[in-house]
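Hi everyone, thanks for making time for this. I'd like to walk you through one structure, so please have the viewer ready.

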Amino acid sequence: MFVVSRLVTLDGVGQVLDLFSTPVRDWFRASFAEPTAIQERGWREVAAGRHVLMAAPTGSGKTLAAFLWCLDRLAGEPMPPDGERCRVLYVSPLKALAHDVDRNLRSPLVGIRRQMESQGLVPPEIAVAIRTGDTPADARRSMERHPPDILITTPESLFLILTSAARKILAPVRWLIVDEIHSVASTKRGSHLALSLERLCELTKVEPQRIGLSATQRPLEEVGRFLGGADRQVSIVDAGRLKTMEVRVEVPIEDMTRLTDQDEDSAKGQNSIWPAIYPRLLQLIRQHRSTIVFVNSRRLSERIAARVNELAEEELVRAHHGSIAREQRLVIEDELKAGRLRGLVATSTLELGIDMGAVDLVLQIEAPPSVAAGIQRVGRAGHSVGEVSRGVVIPKFRGDLLESAAVVEGMLNGRIETTVVPRKPLDVLAQQIVAMCALDEWEVEKLGRAASLRFGPRHAQRPLPVGPVRRAAAADRVGPRRRQGAWPRRRPASCGDQRRHDSGPRSLQRQPGRRRSPGR
């Protein structure tokens with residue numbers, strides 16, 4: 001077992017804050033009444049230099065628990081040379097969450113800076129940058145020339161950085177923060193990210209300290225193994241007390257067996273509950289200052305937003321989903337926070353820990369996809385520490401009513417589904433091997449060790465057999481089209497040398513005596 005859960009005992013809040021420098025400690029005391037449970041326990045582990053997984057419900061201060069120690073170190077250390085400034089890497093599974101963290105970092109950075117100036121100290125210029133798919137090309141080039149102190153990115157963008165010349169900016173990374181890790185741990189996207197983290201460790205000058213942030217999950221040991229890999233001890237700080245919630249299932253009609261003959265598209269000839277849902281949504285939205293309506297599809301979010309606004313005869317709500325352009329999405333979020341919008345109709349884009357301001361109520365149309373997703377979504381209401389999260393689930397049909405009741409009961413009792421991490425997804429491994437060998441030459445045994453840290457046996461430190469790794473690294477192409485000869489002139493992206501037992505990029509130079517094809 002390589003995941004260690006430590007019981008942290010605290011003698012007092014003052015001793016916890018004494019871990020930090022005077023400017024950081026004074027800023028925190030001026031801004032907050034006291035640390036939350038996850039902050040008290042997490043800071044001990046982070047300050048000791050251990051890899052740590054912090055698990056707590058939404059709105060408990062996990063992000064500040066992960067970042068404050070890093071900010072304290074950055075503010076107290078001499079400024080390194082320009083090429084060695086990137087010391088904190090934050091990976092978010094959602095672009096919107098990355099931008100949200102960027103905004104939330106401004107307050108502690110400005111506050112710590114003012115505290116240092118008031119104490120006669122010279123504060124360093126701590127730069128924060130975002131690298132996602134929305135980042136313009138000129139900003140990416142500038143980032144390579146002048147790396148930030150804190151880099152915020154997504155799993156896909158991290159993969160692209162590691163497979164390009166820009167990877168050199170990651171060599172000085174000392175702290176690695178993976179937010180909302182529970183949302184990717186059970187998917188192949190998470191497996192892809194895990195291999196990217198192993199590639200990062202091969203690149204950095206020192207082993208980065210891994211800090212994972214997770215909502216309440218079960219079992220936490222599985223998420224901890226995902227964070228650390230096979231040979232790293234990960235301390236688990238579990239402040240996973242369920243957030244106080246008030247959730248009810250509400251049916252807007254008296255008898256679900258007797259529906260109207262009008263469906264959601266206003267067409268005749270089909271029984272539908274929608275003519276009763278829209279007025280009830282409008283009533284609940286108007287009774288609260290700020291509301292988020294969660295649905296399970298983008299099409300439905302647009303439709304409900306249009307119908308509610310039509311009934312209200314004003315723009316009361318707007319749709320929010322992944323197909324909306326980033327600029328428009330940010331405008332919509334700011335309008336809700338400023339109070340110019342009464343609500344959003346969203347998909348899972350707002351399910352994770354995005355700060356949406358003081359949301360009073362969460363409405364869920366049809367049953368949430370899972371108990372964990374339901375807890376995350378209802379947790380958007382009362383997002384601040386100590387507040388109650390209130391939600392209403394509105395089923396669409398009788399079968400949905402049964403499922404909604406079961407999910408809500410699981411939410412209130414904390415019966416969260418078991419997290420299962422994919423075991424040895426070889427398609428992900430093949431993609432990463434091609435990327436690794438596209439720029440460098442790797443010994444096959446070293447490749448096997450890097451892969452075994454992620455996909456090795458659960459309870460044994462035993463590397464993967466090098467045979468499959470060598471075949472994957474030296475493969476010409478995979479898939480049935482190659483076997484059928486659909487690409488007869490294609491050459492492999494990477495080559496394996498059976499004598500040297502290594503693999504790397506194929507040389508682009510023309511071999512002597514080889515004639516070029518007339519059409520090339």
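I'll talk about a sheet, a buried isoleucine, a helix pair and two backbone angles. Please keep in mind that this is a predicted model.

Let's start with the sheet. It is open and has six strands, in the order β9-β16-β15-β12-β14-β13, and the pairing is parallel. Which strands stand at the edges? Those are β9, residues 245–249, and β13; each has a single partner strand, so one side of each is left without a neighbour in the sheet. On average, neighbouring strands are turned by 20° against each other, with direction ignored.

If you zoom in on β12, residues 291–294, and β14, residues 343–346, you'll find them running parallel and joined by four bridges. As an example, I292 has L344 of β14 as its bridge partner. Helix α12 packs on this sheet and touches β12, β13 and β14. The direction of α12 makes about 140° with that of β13.

Now to the loop between β13 and α12 (326–338), where I324 sits. Is I324 buried or exposed? With a relative accessibility of 10%, I324 counts as buried, because the cut-off for that is under 20%. Setting aside neighbours within four places in sequence, I324 is in contact with A319, R329 and I332. You can also look across to R298: R298 and I324 are 26 residues apart along the chain, and their C-alpha atoms are separated by 9.9 Å.

Next, the helix pair. Helix α7 (residues 155–162) packs with helix α8 (residues 188–203) at an angle of about 40°, and their axes are 10 Å apart. The two are therefore oblique to each other, and their crossing is left-handed. On the α7 side the contact is made by P155, E156, L158, F159 and L162; on the α8 side, the residues include H192, L193, L197 and L200. Sorted by type, the residues of this contact are eight nonpolar, two polar and three charged.

Last stop, for those of you who like torsions. Most residues other than glycine have a negative phi. Here are two glutamates with a positive one. E180 has a phi of about 45°, and its place is in the loop between β6 (175–178) and α8. E313 has a phi of about 60° and is found in the loop between α11 (298–312) and β13. How do their surroundings compare? E180 is buried, at 5% relative accessible area, whereas E313 is exposed, at 75%.

That's my tour, and I'm happy to go back to any view.

How values were computed
Residues numbered from 1 in each chain as written. Predicted model: local features only at pLDDT ≥ 70, side-chain atom pairs only at ≥ 80, totals over all residues. Heavy atoms only, no water. Axes fitted to C-alpha atoms, helices over the stretch in contact; angles between N-to-C directions. Parallel < 35°, antiparallel > 145°, perpendicular 65-115°, else oblique. Left-handed = near helix turned anticlockwise from the far one by under 90°. Contact = heavy atoms within 4.5 Å. Nonpolar A, V, L, I, M, F, W, Y, C, P; charged D, E, K, R; others polar. Buried < 20%, exposed > 50% of the residue type's maximum accessible area, 1.4 Å probe, protein only. Pairing = 2+ DSSP bridges.
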